[in-house]
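Thanks for passing this one along. Here are my notes, in the order I'd walk through them with the model open.

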Amino acid sequence: MFLSERFLLNMRKLGYIGGLAGLIILVFLLVGIFSKSILLEQDITINRPAKKVYYAMLNPMKMKEWLVGFEKVEALDGFLYGPGSRYLLTFNYGGHELKVLQEVTVFEWKRELGLKMTFPHITVLTSILFDPTDKGTQLNIKNKISGNNLFWKSLTPLLKPWLQDNFDQNFINLKQFLEKPHEGNTPHEGNTPPEGSPPPEGRP
C-alpha cells in the first residue's frame, strides 16, 4: 500500500522538528560541559560600622530580617564561626522548605567573610570584603555559582539574571534593616563581640 504524499510530508516535518529539538538539547548540554560556573558581583554601602555589619550577618536572631525566606539555623560542627564550621540553614519559599548546608571558609573579623553554601542543585562560594568608608562600610560581594550536575551546570547560566536579583535583594534588605533608626550607629555595651575576635560561645 502506497503512503500518501501528505503523510510523507508530515513525517518529514516531524523529522525536522525532532532534529531541531535534538540540536537544542545538545547545545544546552554543551553549555554545562564548557561553562563551569557563573560569577555574580555586588557592591553596596551600609551606613554602619564594619563590626555592626559583620555581627548582624552572623547573628541568627537578625537573619530573618534580611535573608529572604529564612527560618532557622542549626550548628552542626566546628568552632563557632571558625573556618570549617558548618551550619544547616532552613528556608521557606511559598510553603516549600529548603535546606542549605553552610560552611565558613574565611573568617577575618570586620575584614572578610567567606562561605560555601550547598543547595540541592547548586553550590555557591561567597566572598565578602568589608571596606570602612566615611559613610560606613562598603561591601564587595562575589558569588561563584556552579551546578551540582550536568543539567544544572547547563541551566545555571540561563538563571543568572534571576539569581543576581535574588542575591542583590538580600543585601538591600540588610542595608535597610541596619540603617533603621532603632538600630543606631553605636551598639550597646555587650551586644558585640570583643575587638579583634569572633563572637563568644553561646552569643552569635
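The points below go from the overall layout to the sheet, the helices and the core.

1. First, keep in mind that this is a predicted model. The protein has 5 helices and 7 strands, and from the N terminus the order reads α-β-α-α-β-β-β-β-β-β-α-α.

2. Some bulk numbers: 36% of the 204 residues are buried. The exposed surface comes to about 12,400 Å², with 60% of that from carbon and sulfur atoms. Of the contacts with a separation of 6 or more, 53% link residues 24 or more positions apart.

3. The sheet is open, with 7 strands ordered β1-β7-β6-β5-β4-β3-β2 and antiparallel pairing. β1 (38–46) and β2 (70–77) each have a single partner strand, so one side of each lacks a neighbour in the sheet. From one strand to the next, the twist averages 20 degrees.

4. Have a look at the β1 edge. Its antiparallel pairing with β7 (residues 136–147) runs over 9 bridges, and Asp43 has Asn140 in β7 as its bridge partner.

5. Now the helices on the sheet. α2 (residues 50–58) lies across β1, β4, β5, β6 and β7, at about 160 degrees to β6. α5 (residues 160–178) touches β1, β6 and β7, and its direction makes about 20 degrees with that of β1.

6. Last, the core. The largest nonpolar one has 42 residues, and Met57, Leu113, Leu139, Phe171 and Leu174 have the most contacts inside it. Leaving aside neighbours within four places in sequence, Leu139 is in contact with residues including Ile44, Val53, Phe130, Phe171 and Leu174.

Terms used. Residues numbered from 1 in each chain as written. Predicted model: local features only at pLDDT ≥ 70, side-chain atom pairs only at ≥ 80, totals over all residues. Heavy atoms only, no water. Helix = DSSP H or I, 4+ residues; strand = E, 2+ residues; numbered from the N terminus. Buried < 20%, exposed > 50% of the residue type's maximum accessible area, 1.4 Å probe, protein only. Contact = heavy atoms within 4.5 Å. Areas by Shrake-Rupley, 256 points an atom, 1.4 Å probe, with all protein chains shown as cover. Core = buried A, V, L, I, M, F, W, Y, C linked by side-chain atoms within 4.5 Å. Pairing = 2+ DSSP bridges. Axes fitted to C-alpha atoms, helices over the stretch in contact; angles between N-to-C directions.
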